[in-house]
Amino acid sequence: MIEIDKEKCAACCGCVDHCPVAAISVIDDEVVVDSDICMECLICTKVCPLGLPHWVD
Ligand code: SF4
Ligand code: SF4
């Protein structure tokens with residue numbers, strides 16, 4: 001599953017905009033990943049300017 005350090009996230013929505021299945025949302029300035037929707041494409045791990053999204057087993 002994708003994990004994102006919410007403390008470091010700038011809520012820029014870059015990962016939100018690039019996720020092909022809309023699995024990521026920013027709600028009240030907090031980024032949330034819905035692992036039930038995520039198809040594990042890892043695009044979000046490449047587009048974040050802070051390199052925050054990462055895959056964990
Ligand atoms: S791995 Fe792909 S599908 Fe999953 S949250 Fe990231 S961009 Fe979206
Ligand atoms: S791209 Fe990075 S900084 Fe921007 S909302 Fe996503 S995790 Fe946060």
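The largest nonpolar core of this predicted model has 10 residues. Its members are Ile2, Ile4, Cys15, Cys19, Ala23, Ile24, Val31, Cys44, Cys48 and Leu52. In soluble globular proteins, nonpolar side chains tend to be buried together. Ile2, one of the core residues, makes several contacts beyond its neighbours within four places in sequence. Its partners there are Val33, Cys38, Cys44, Pro53 and Trp55. Of these, Cys44 also belongs to the core. Across the whole protein chain of 57 residues, 19% count as buried.

The overall fold was examined next. The protein chain contains two helices and four strands. Their order along the sequence is β-α-β-β-α-β. The radius of gyration of the protein chain is 10 Å, and this agrees with the value near 10 Å that a compact globule of 57 residues would have. Taken along the principal axes, the C-alpha atoms fill a box of roughly 25 × 20 × 15 Å. Contacts between residues 24 or more positions apart make up 56% of those with a separation of 6 or more.

Strands β2 and β3 form a hairpin, with two residues between the strands. The two strands run antiparallel and are joined by four bridges. Ile27 has Glu30 in β3 as its bridge partner. Strand β2 covers residues 24–27, and β3 covers residues 30–33. Core residue Ile24 thus falls within the numbering given for β2. In the hairpin, Asp28 takes a positive phi near 55 degrees. Asp29 lies in the loop between β2 and β3. Its phi is also positive, at about 65 degrees, although Asp29 is not a glycine. Most residues other than glycine have a negative phi. Asp29 is exposed, because only 9 other C-beta atoms lie within 10 Å, and the exposed class takes 12 or fewer.

Leu42 shows a positive phi as well, of about 70 degrees, and is not a glycine. This residue sits in the loop between β3 and α2. Leu42 has 12 C-beta neighbours inside 10 Å, so it counts as exposed; the exposed class ends at 12.

Two ligands are bordered by cysteine-containing shells. Around ligand 1 there are 13 residues, of which Cys19, Cys38, Cys41, Ile43 and Cys44 come nearest. By class, this shell has 12 nonpolar residues, one charged residue and no polar ones. Cys19 and Cys44 are also members of the nonpolar core. Cys38 is in contact with Ile2.

Ligand 2 is surrounded by 14 residues. The closest are Cys9, Cys12, Gly14, Cys15 and Cys48. The shell comprises 13 nonpolar residues and one polar residue, with no charged residues. Cys15 and Cys48 belong to the nonpolar core too.

Pro49 lies in the loop between α2 (43–47) and β4 (54–55). With 9 C-beta neighbours inside 10 Å, Pro49 counts as exposed. Leaving aside its neighbours within four places in sequence, Pro49 is in contact with Cys12 and Gly14. Both of these residues are among the closest to ligand 2. Cys9, another of the closest residues to ligand 2, is 40 residues from Pro49 along the chain. The C-alpha atoms of Pro49 and Cys9 are separated by 9.7 Å.

Notes. Residues are numbered from 1 along each chain as its sequence is written. Chains are lettered from A and ligands numbered from 1 in the order in which they are written. This is a predicted model: local features need pLDDT of at least 70, side-chain atom pairs count only at pLDDT 80 or more; totals for chains, interfaces and linings use all residues. A residue is near a molecule or strand if its C-beta atom, placed from the backbone, lies within 6 Å of it. Ala, Val, Leu, Ile, Met, Phe, Trp, Tyr, Cys and Pro count as nonpolar, Asp, Glu, Lys and Arg as charged, and the others, Gly among them, as polar. The radius of gyration is taken over C-alpha atoms; the globule rule is 2.2 Å times the number of residues to the power 0.38. A residue is buried if 20 or more other C-beta atoms lie within 10 Å of its own, exposed if 12 or fewer, and partly exposed in between; C-beta atoms are placed from the backbone. Two residues are in contact if their C-beta atoms, placed from the backbone, lie within 7 Å. A nonpolar core is a set of buried Ala, Val, Leu, Ile, Met, Phe, Trp, Tyr and Cys residues joined through C-beta atoms within 7 Å. Two strands pair if DSSP finds at least two bridges between them.
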